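Student: I should like to work through this model by question and answer. Please show the sequence and the structure.

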Amino acid sequence: MPLFRLLRPWLLTSVPLLALLFGLGLAFEFDEYQVFLFFRQHRAVYPELASLLKFVTDWANPAFYAFFLSLLWRAWRDKRPGLKRFVLVYILVQIVISLLAVRGIKSIIGRPRPGEDPFFQPMTNRPSYHSLPSGHTTEAATSSLALALRYRSCLLSLGLGILLALLGFTRIYLGWHHPTDVLFGWLLGSVAGLAIQLLTSKD
């Protein structure tokens, strides 16, 4: 499959998050510490919003996994080997990229989470120094792009992009990640989503 055919769904899924990150950069003059301070104060003033966004950040990826499991059940019920392969490859790539690679990168880099001291601690197992990349964003980007690239529907891709942007925003708003952590999470998820498509494009 020519890669240019994947460009539109990739853009529609990616642009909302990238626009959000760029907008935050412009608003705060690309000072990530100021982003952290602003949203820390905002959370204190609007705890209900913080609770709502925490619900989103906690349940968005489980919702994706439930959907993919429903696809696997449908593939088994309807005897659709192509769909079954798509879901199994998705699971494998999520394990390799979102679980193993992300965890390894986090430990090797040792970037402090927002609000921690500014010094990196490479080769650490301390969760407070596992900021880069955002694992939640990587998982969600992998799920979103896998679906967008397979079905190539403009409305689906844009809807998935908005959901991905919302999840990425929750990680920043709640003080768990810097904007660049989310950016690198999206980058890893893009690689993973493309890998899933290329491995199952003949289905």
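Student: Is Asp 58 buried, exposed or partly exposed?

Tutor: This is a predicted model, in which local features need pLDDT of at least 70, side-chain atom pairs count only at pLDDT 80 or more, and totals for chains, interfaces and linings use all residues. Residues are numbered from 1 along each chain as its sequence is written, and side-chain values use heavy atoms, with hydrogens and water left out. Buried means under 20% relative accessible area, exposed over 50%, and partly exposed in between (1.4 Å probe, protein chains only). The relative accessible area of Asp 58 is 36%, so Asp 58 is partly exposed.

Student: With which residue does Asp 58 form a salt bridge?

Tutor: A salt bridge is a side-chain nitrogen of Lys or Arg within 4 Å of a carboxyl oxygen of Asp or Glu. The partner lies four residues away, about one turn along helix α3 (residues 47-78); helices are DSSP runs of H or I with at least four residues, strands are runs of E with at least two, and both are numbered from the N terminus. With 2.8 Å between the closest N and O atoms, the partner of Asp 58 is Lys 54.

Student: Which residues are joined into one network by salt bridges that share partners?

Tutor: The side chains of Glu 32 and Arg 111 form a salt bridge with an N to O distance of 2.7 Å. This pair links helix α2 (residues 32-45) to the loop between α4 (81-109) and α5, across 79 residues. Arg 111 also meets Asp 181 at 2.7 Å, N to O, so parts 70 residues apart in sequence are tied together, Asp 181 being in helix α7 (residues 179-200). The network therefore consists of Glu 32, Arg 111 and Asp 181.

Student: How are α5 and α6 oriented to each other, roughly parallel or roughly antiparallel?

Tutor: Two packed helices are described by the angle between their axes and the distance between the axes. Axes are lines fitted to C-alpha atoms, for helices over the stretch in contact, and angles run from 0 to 180 degrees between N-to-C directions. Helix α5 (residues 135-151) packs against helix α6 (residues 154-173) at about 175 degrees, with the axes 9 Å apart. Angles under 35 degrees count as roughly parallel, over 145 as roughly antiparallel, 65 to 115 as roughly perpendicular and the rest as oblique, so α5 and α6 are roughly antiparallel.

Student: Which residues does Ser 143 contact, leaving aside neighbours within four places in sequence?

Tutor: Ser 143 belongs to helix α5 and is buried, at 0% relative accessibility. Contact means heavy atoms within 4.5 Å. On that basis, and without those neighbours, Ser 143 is in contact with Phe 64, Phe 68, Tyr 90 and Gln 94.

Student: Which members of the largest nonpolar core touch the most other members?

Tutor: A nonpolar core is a set of buried Ala, Val, Leu, Ile, Met, Phe, Trp, Tyr and Cys residues joined through side-chain atoms within 4.5 Å. The largest one has 36 residues, and those touching the most other members are Leu 17, Phe 68, Phe 86, Leu 147, Ile 172 and Ile 196.

Student: Is Asn 125 buried or exposed?

Tutor: Asn 125 is in the loop between α4 and α5. Not counting residues up to four places away in sequence, Asn 125 touches Ser 107 and His 130. Its relative accessibility is 68%, so Asn 125 is exposed.
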